[in-house]
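Visitor: Please take one place where two helices pack against each other and look at it closely. Then set it in its surroundings and carry on through the rest of the model.

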Amino acid sequence: MSEAIKIPTMAQFMAEGKQPEVLFWVGCAGSFDDRAKKITKAFVKLLNKANVEFAVLGTEESCTGDPAKRSGNEFLFQMQAVTNIEVLNAYEIKKIVTACPHCFNTLKNEYPSLGGNYEVMHHTQFLKSLLDDGRLTIAGGKFKGKRITFHDPCYLGRANNVYEAPRELIQKLEAELVEMKNCKRNGLCCGAGGAQMFKEPEKGSKDINIERTEQALEVKPEIIAAGCPFCNTMMTDGIKVKEKENDVAVMDIAELIANAQDL
Amino acid sequence: MNYLPNILFAVALIIGLGYFIRNIKKLIRNIKLGQDIDVSDNKSQRWKNMAMIALGQSKMVRRPIAGLFHVIVYVGFIVINIEVLEIIIDGLFGTHRIFSGIGTIYGLLIGIFEVLAILVLIAVIVFWIRRMIIRVPRFWSKEMTKWPKNDALNILYFEMVLMSLFLIMNATDVSFQEMASGNIISQYIAPWFSNLPETTVHLIERTAWWVHILGILVFLNYLYFSKHLHILLAFPNTYYGSLKPKGEFNNLEAVTKEVMLMMDPNADPFAAPAEGEVDEEPAKFGASDVQDLNWVQLLNAYTCTECGRCTSECPANLTGKKLSPRKIMMDTRDRLEEVGKNIDANKGEFKDDGKQLLDDYISREELWACTSCNACVEACPVSINPLSIILEMRRYLVMEQSAAPNELNMMMTNIENNGAPWPYNQMDRLNWKNE
């Protein structure tokens, strides 16, 4: 499988004196988390399929600083940001795509005032643009007619008003898109944001991911589609707690599209 | 002796307005205790936001039932207040319905006022039923006991009484009823008084007139002590509300300066300050008290009318955590009021009272429960941002006190050492390629 996908690094492009069309910012989860790595690979397969000349930073990539910033550690955030910006600017990066809404938000909104100005896209937006340009075709395949609900990641939806790109992709799968009672701008958080991913929740009556999973199960989906590796983890855990892992799958939109075509 | 009512009226008006202005000045002074923030950009968008969100109530109607009735009360409030102009002129000059001479338009206007008055009365009763009979949960949260609860009810009772007085005043105004123009609602109330002697009816009319206008003056002065300030502050608050994407948190400039210095290979950390450079006291990072917040955040606190839409959307609150974004705003306002009173009592200077917003009002447990999901910001009908206050207080805890929860400290240590929130080596970042 590994030989089937091409993953050039920026250093390789630089050595050849070329610029890629877009930099794929993999993110920490996409690089290290076993579940999220599958999303990364699915997205890369789609990029290969669409003949997108992309590159990754590889070992030169580092955390954007999002969880540090949202914990209140502005120092650490800005150290990370400034270091990353140095790397990105040295490679003269113009366009970045990422499958993580947290990286997306930070790169897009919080890097410019520190000297990092790039066109930043979430992978669902990028896939949508490939589709619109006729570079990528999406077929329903095994997802045709399946009930799919989309969980809006806070940092994609409310934080940046991206609601339609992921939904349009799901509809292209000829699937039945069903909405939870809290969706789009009223979407309920999965519980991972604001660095909650890395700590135990405060005392309460319920975990947030359980509340959200219950909302998802209410609409009886066969698949819960996600657009964020952290949401994916939280929803997957929720489904396990509800013992529904045999009935409901949690999948990233990139995985849905790649799997539909048996990539 | 004939001028006695006029004089009394003028005195009441001066006291009413004077006390109000005094308190508004205090309010502005308190808001200015906040840090400066540049909000001079993009004026056209700001006016547009104010027109849409405050004037146009665009976010109120996202919840259709509360939204509809709120629009009624809001339109009623603005339109019926035109009548106050006539009342003030009548009161000062001893005239009676000075504008009635303008003919049919007068009847039309009063007719509109009367219809609105009855609609407002109904809406306010609906609000009372929602609060006290249906008991909409967000009105019964922990922070909504004692004064916040009574305050909300006081406002409803005030409005019920004022609207009733307005209608009674019209119904018992014999000459107005004889005009038979504009008494759309009051003509049905007038018969209730038809058996009473003329002098009694006149007395009722005068009493209703006086209690109505004095009530308005009292209500005006009640605002400062109440969550009801939103009827004024919603306008500046929506104007100064953030224009950035909700996900964008500000980059602290003081930190940028230090980071740039650290990253500059030519910087000499032991260099003496350049000639003429003032040795500034290092900035405090984040907020532990209201003076550390910026003035827009303090304006936010005074604008909050405790509707609780934020809290009812907050994932932490929905799952039983202590955090309530509404309480964050109420605490900020209450502490700011306390600081203001302290300044008043100490001849214009704040004397340390051993208290602060952090811990004495807002607990750490509340702050750490936030997922930064922006649901509260999205829910607020008047552009209040509780999340920005939570973030500032986390910044204080982390950067001034190193008091983050241990797991977060581990996460941050990992980022520092190996560029990821987990303890994986940065050199392994591309290993997924071959797995």
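Guide: Two residues are taken to be in contact if their C-beta atoms, placed from the backbone, lie within 7 Å. The model is predicted, and the place chosen is the packing of helix H7 on helix H8 in chain A. By that contact criterion, Thr124(A), Gln125(A), Leu127(A), Lys128(A) and Leu131(A) of H7(A) meet Ala165(A), Pro166(A), Glu168(A), Leu169(A) and Lys172(A) of H8(A). Sorted by class, the residues of this contact are five nonpolar, two polar and three charged.

Two packed helices are described by the angle between their axes and the distance between the axes. H7(A) covers residues 123–132 and H8(A) covers residues 164–172; their axes come within 8 Å and cross at roughly 55 degrees. An angle that is neither under 35 degrees, nor 65 to 115, nor over 145 counts as oblique, and H7(A) and H8(A) are therefore oblique to each other. The crossing in which H7(A) passes H8(A) is left-handed.

H7(A) has a second neighbour, a sheet. H7(A) packs on this sheet by touching S3 and S4 of chain A, and its direction makes about 90 degrees with that of S4(A). The sheet is open, with four strands in the order S2-S1-S3-S4 (chain A) and parallel pairing. Its edges are strand S2 (54–55) and strand S4 (119–122) of chain A; each has a single partner strand, so one side of each is left without a neighbour in the sheet. Strand S1 (residues 22–25) and strand S3 (residues 95–98) of chain A pair in the parallel sense over three bridges. Leu23(A) has Ile96(A) as its bridge partner in S3(A). Helix H6 (residues 101–110) of chain A also packs here: H6(A) lies across S1, S3 and S4 of chain A and runs at about 160 degrees to S4(A).

Chain A has another open sheet of four strands, in the order S6-S5-S7-S8, and its pairing is parallel. Strand S6 (176–178) and strand S8 (249–252) of chain A are the edge strands, each pairing on one side only. From one strand to the next, the twist averages 35 degrees. Strand S5 (residues 147–150) of chain A runs parallel to S6(A) and is joined to S6(A) by three bridges. Thr149(A) has Val178(A) as its bridge partner in S6(A). Helix H10 (residues 229–241) of chain A lies across strand S7 (223–226) and S8 of chain A, at about 175 degrees to S8(A).

Taken whole, chain A comes to eleven helices and eight strands. Its radius of gyration is 18 Å, close to the 18 Å that the globule rule gives for 263 residues, so chain A is as compact as a globular protein of that length. The C-alpha trace of chain A spans about 50 × 45 × 30 Å along its principal axes.

Chain A also touches chain B, in a contact that takes 55 residues from chain A and 56 residues from chain B. On the side of chain B that touches chain A, the helices that each supply at least two residues include H10 (253–263), H18 (386–400) and H19 (406–418) of chain B. That side of chain B divides into 31 nonpolar, twelve polar and 13 charged residues.

Chain B itself has 19 helices and zero strands. With a radius of gyration of 28 Å, well over the 22 Å that the globule rule gives for 435 residues, chain B is more spread out than a compact globule. Its C-alpha trace spans about 95 × 60 × 40 Å along its principal axes.

Chain B has helix pairs that can be set beside the chosen one. Helix H9 (residues 230–240) and helix H11 (residues 295–303) of chain B have axes 9 Å apart and pack at an angle of about 150 degrees, which makes H9(B) roughly antiparallel to H11(B). H9(B) passes H11(B) in a left-handed crossing. The contact of H9(B) with H11(B) has seven nonpolar, four polar and no charged residues. In the other pair, helix H1 (residues 4–31) and helix H3 (residues 64–93) of chain B pack at about 130 degrees with their axes 7 Å apart, and H1(B) and H3(B) are therefore oblique to each other. Here Asn6(B), Phe9(B), Ala10(B) and Leu13(B) of H1(B) meet Ile88(B), Gly91(B), Leu92(B) and Phe93(B) of H3(B). By class, this contact has six nonpolar, two polar and no charged residues.

Key: Residues are numbered from 1 along each chain as its sequence is written. Chains are lettered from A and ligands numbered from 1 in the order in which they are written. This is a predicted model: local features need pLDDT of at least 70, side-chain atom pairs count only at pLDDT 80 or more; totals for chains, interfaces and linings use all residues. Axes are lines fitted to C-alpha atoms, for helices over the stretch in contact, and angles run from 0 to 180 degrees between N-to-C directions. A crossing is left-handed if the near helix is turned anticlockwise from the far one by less than a right angle, and right-handed if clockwise. Ala, Val, Leu, Ile, Met, Phe, Trp, Tyr, Cys and Pro count as nonpolar, Asp, Glu, Lys and Arg as charged, and the others, Gly among them, as polar. Two strands pair if DSSP finds at least two bridges between them. The radius of gyration is taken over C-alpha atoms; the globule rule is 2.2 Å times the number of residues to the power 0.38.
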